[in-house]
Amino acid sequence: VSTQSTGIITYFKPDYLRSQKTAMDEGIEIGDAGTSEYYPIAYSDLKINSYVVINGRPCKIETYNRTKAGKHGSSKIIIAGIDVFNGKKHEVSVTSSEKGLVPVLSRTEWKAISVDDESCVNLIDESGNIRGDLRLPYETDSDAEVANIIKDGLNAGSNVAVTVLRCMSAEKIESAKIICCLLYTSPSPRDS
């Protein structure tokens, strides 16, 4: 997808008009398996609670309003979304014929091991991979709740599972929960 930016709005050329080399030249990241951080979509195909890039930030669509076509052409679409990382509201007004970007979001489950003095959370996954590069979330009210669950759970000696959100080369601890482990005990002979 070839882009031409005019401030807030980005215009696209169809995929069949470019090669992979031009995509990389344009700054669109293409992974080894053909995956990328986002893909194009017509603004008219978006819905509330779907995701779109607004002002260069991945956002979940909160409001989607379409105006009627006027005497000078196509209808306008006004989209307001909440940034998935910092909770800030972003808005864009576009024509219904324009295309936007849908960010590719992925979530992975990790177990919190500890929190260091710099608020970095040490995590381990099912395969035994360890990482300590993510900080406790702090940007929104729900982030503060997540940070408290992690800190309080670890201080109490509980197992804490966290979900890490990855989108457009950025990552954040999105949620946390205390994992309760129930041990199976066989019934005593008196219960039989």
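User: In this predicted model, which residue of strand 7 is the bridge partner of alanine 80?

Analyst: The model is a predicted one. Strand 6 covers residues 76–83 and is joined to strand 7 by seven bridges, the two strands running antiparallel. Within strand 7, alanine 80 has as its bridge partner glutamate 91.

User: In what order do the four strands of the open sheet with strand 7 lie, and which are the edge strands?

Analyst: The four strands pair in the antiparallel sense and follow the order 4-5-6-7. Strand 4 and strand 7 (89–95) each pair on one side only. The twist from one strand to the next averages 45°. The edge strands are therefore strand 4 and strand 7.

User: Why is one side of strand 11 and of strand 13 left without a neighbour in the five-stranded sheet?

Analyst: This open sheet has antiparallel pairing and the order 11-10-9-12-13. Strand 11 (130–135) and strand 13 (170–179) stand at its edges, so one side of each has no neighbour in the sheet. From one strand to the next, the twist averages 40°. The reason lies in the number of partners, which for each of these edge strands is a single partner strand.

User: Which residue of strand 11 is the bridge partner of cysteine 120?

Analyst: Strand 10 and strand 11 are paired over four bridges in the antiparallel sense. In strand 11, the partner bridged to cysteine 120 is arginine 135.

User: What angle does the direction of helix 2 make with that of strand 13?

Analyst: Helix 2, residues 141–155, packs on the sheet. The strands that helix 2 touches are strand 9, strand 12 (159–167) and strand 13. Between the directions of helix 2 and strand 13, the angle is about 50°.

User: Is serine 119 buried, partly exposed or exposed?

Analyst: Serine 119 is found in the loop between strand 9 (105–115) and strand 10 (120–124). Its phi is near 65°, a positive value in a residue other than glycine. The relative accessible area of serine 119 is 33%, and the class between 20% and 50% is the intermediate one. Serine 119 is therefore partly exposed.

User: Where does asparagine 49 lie, and what is its phi?

Analyst: Asparagine 49 has its place in the loop between strand 3 (38–42) and strand 4 (51–54). Although the residue is not glycine, its phi is positive, near 75°.

User: Over the ring of which residue does the charged end of arginine 131 sit?

Analyst: The count of aromatic pairs comes to zero. A charge over a ring is nevertheless found, with the charged end of arginine 131 placed 5.3 Å from the ring centre. That ring belongs to tryptophan 110.

Methods:
Residues numbered from 1 in each chain as written. Predicted model: local features only at pLDDT ≥ 70, side-chain atom pairs only at ≥ 80, totals over all residues. Heavy atoms only, no water. Buried < 20%, exposed > 50% of the residue type's maximum accessible area, 1.4 Å probe, protein only. Phe/Tyr/Trp six-rings, centres within 6.5 Å; stacked < 30°, edge-to-face > 60°. Lys NZ or Arg CZ within 6 Å of the ring centre and 35° of its normal. Axes fitted to C-alpha atoms, helices over the stretch in contact; angles between N-to-C directions. Contact = heavy atoms within 4.5 Å.
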